[in-house]
Amino acid sequence: MPVTPPGTDPATAAARLVNVRARIAHAAAIARREAGDITLVAVSKTHPAEAIAPLIAAGQRVFGENRVQEAQAKWPELRDRHPDIALHLVGQLQSNKADEAVALFDCIHSLDRPSLLTALARAMDKAGRRVPCFVQVNIGAEDQKGGCAIADLPALLTQARGADLPLAGLMCVPPAGIEPAPFFALLDKLAVDHGLTGAGLSMGMSDDFETAILMGATHVRVGSALFGARG
Ligand SMILES: *Cc1c(COP(=O)(O)O)cnc(C)c1O
């Protein structure tokens, strides 16, 4: 019998989706929130179209990619067949890819600096299409991580409002290897402090999405719990 690579077996992918959805519903119930208010972004980066198809068949409609080029190669054909799919960019974006990103994605989770904001606003004006953006915050003040410094957040939000750039909310990736809850709580507080009440919070990945939901996440970005480990 041929070996089936992880994540390509329809039954397995569908079963993983049922499991993740059940865990989201459980966390939402504990938090006294509606599971329907939490968007599951299935992060399909590095996984081929054959691994994605079973999740689409099982009803998943929001997907995340972290590279413009990879998304351009994989998604046009899948989306032709399923026009109701929404594609989110969850990875760092270079300013010179802003036009391509605005054309391809329905939401951007990685707006983190003035130069990128200027490029995105220009690309949106040119395309006549406004793409909601989460401002990514470097919540653990880590040197190697993307995201704007907490101190730079007010200026970036002011610039976004001035450029009429639709703000989806705030996004973070907490430091690895330590309890994420305080970082999720801090992101929520930053949103409140900066008048983003009612806006989104993109936080929580495979290892911590239930905690993120307890702390107010509206968008959880889940890859390996749905697709298996990335090769
Ligand atoms: C890869 C990635 C995810 C998904 O990570 P998993 O641990 O596989 O769930 C979420 N957010 C970002 C920004 C990512 O790059």
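This is a dialogue on how to read several features of a predicted model.

Colleague: What should I know about the model before I look at single residues?

Modeller: The model is predicted, and local features need pLDDT of at least 70, side-chain atom pairs count only at pLDDT 80 or more, while totals for chains, interfaces and linings use all residues. Residues are numbered from 1 along each chain as its sequence is written, and side-chain values use heavy atoms, with hydrogens and water left out.

Colleague: What is a nonpolar core, and which residues have the most contacts inside the largest one here?

Modeller: A nonpolar core is a set of buried Ala, Val, Leu, Ile, Met, Phe, Trp, Tyr and Cys residues joined through side-chain atoms within 4.5 Å, where buried means under 20% relative accessible area, exposed means over 50%, and partly exposed lies in between (1.4 Å probe, protein chains only). The largest core in this model has 64 residues, and F63, L120 and L170 have the most contacts inside it. Helix α5 (residues 114-127) contributes the largest share of this core, seven residues; helices (H or I, at least four residues) and strands (E, at least two) are DSSP runs, numbered from the N terminus.

Colleague: Which residues is F63 in contact with?

Modeller: Contact means heavy atoms within 4.5 Å. Leaving aside neighbours within four places in sequence, the contacts of F63 include V41, A42, I52, W75, H88 and F227.

Colleague: How should I read strand pairing, and which strands does β1 pair with?

Modeller: Two strands pair if DSSP finds at least two bridges between them. Strand β1 (residues 39-43) runs parallel to β8 and is joined to it by four bridges, and β1 is also joined to β2 by two bridges, again in parallel. On the β8 side, L40 stands opposite V220 and A42 has V222 as its bridge partner, whereas in β2 the residue opposite A42 is F63.

Colleague: Why is β1 described as largely enclosed?

Modeller: Strand β1 is largely enclosed by the rest of the structure because four of its five residues are buried.

Colleague: Which residues of β8 lie on each side, and are they buried or exposed?

Modeller: In a regular strand the side chains alternate between the two faces of the sheet. In β8 (residues 219-222), H219 and R221 are on one side and V220 and V222 on the other, and all four are buried, so that both faces are covered.

Colleague: Which residues surround the ligand?

Modeller: A residue is near a molecule or strand if one of its heavy atoms lies within 4 Å of it. Around the ligand stand V43, K45, V90, M171, M205, S206, R221, V222, G223, S224 and R230.

Colleague: Which polar atoms lie by the oxygen atoms of the ligand, and how much of the ligand is covered?

Modeller: A polar contact is a pair of N or O atoms within 3.5 Å; within protein, one must be able to donate a hydrogen and the other to accept it, and residues adjacent in sequence count only if both atoms are side-chain atoms. A polar side-chain atom of S206 lies 2.5 Å from a ligand oxygen atom, a polar backbone atom of G223 is 2.7 Å from a ligand oxygen atom, and for a polar backbone atom of S224 the distance to a ligand oxygen atom is 2.8 Å. The protein covers 87% of the 390 Å² of accessible area that the ligand has on its own; accessible areas come from the Shrake-Rupley method with a 1.4 Å probe, and for residues only the protein chains shown count as cover.

Colleague: Where is Q60, and is it buried or exposed?

Modeller: Q60 sits in the loop between α2 (49-57) and β2 (62-65), and Q60 counts as buried because its relative accessible area is 2%. Its side chain makes a polar contact with the side chain of R21 (3.3 Å), and, apart from neighbours within four places in sequence, Q60 is in contact with L17, R21, L40, A42 and L55.

Colleague: Which sign does phi have at A141 and D164, and where do these residues lie?

Modeller: Most residues other than glycine have a negative phi. A141, in the loop between β5 (133-137) and α6 (153-162), has a positive phi near 50°, and D164, in the loop between α6 and β6 (167-172), has a positive phi near 55°. A141 counts as exposed at 65% relative accessibility, and D164 counts as exposed at 56%.
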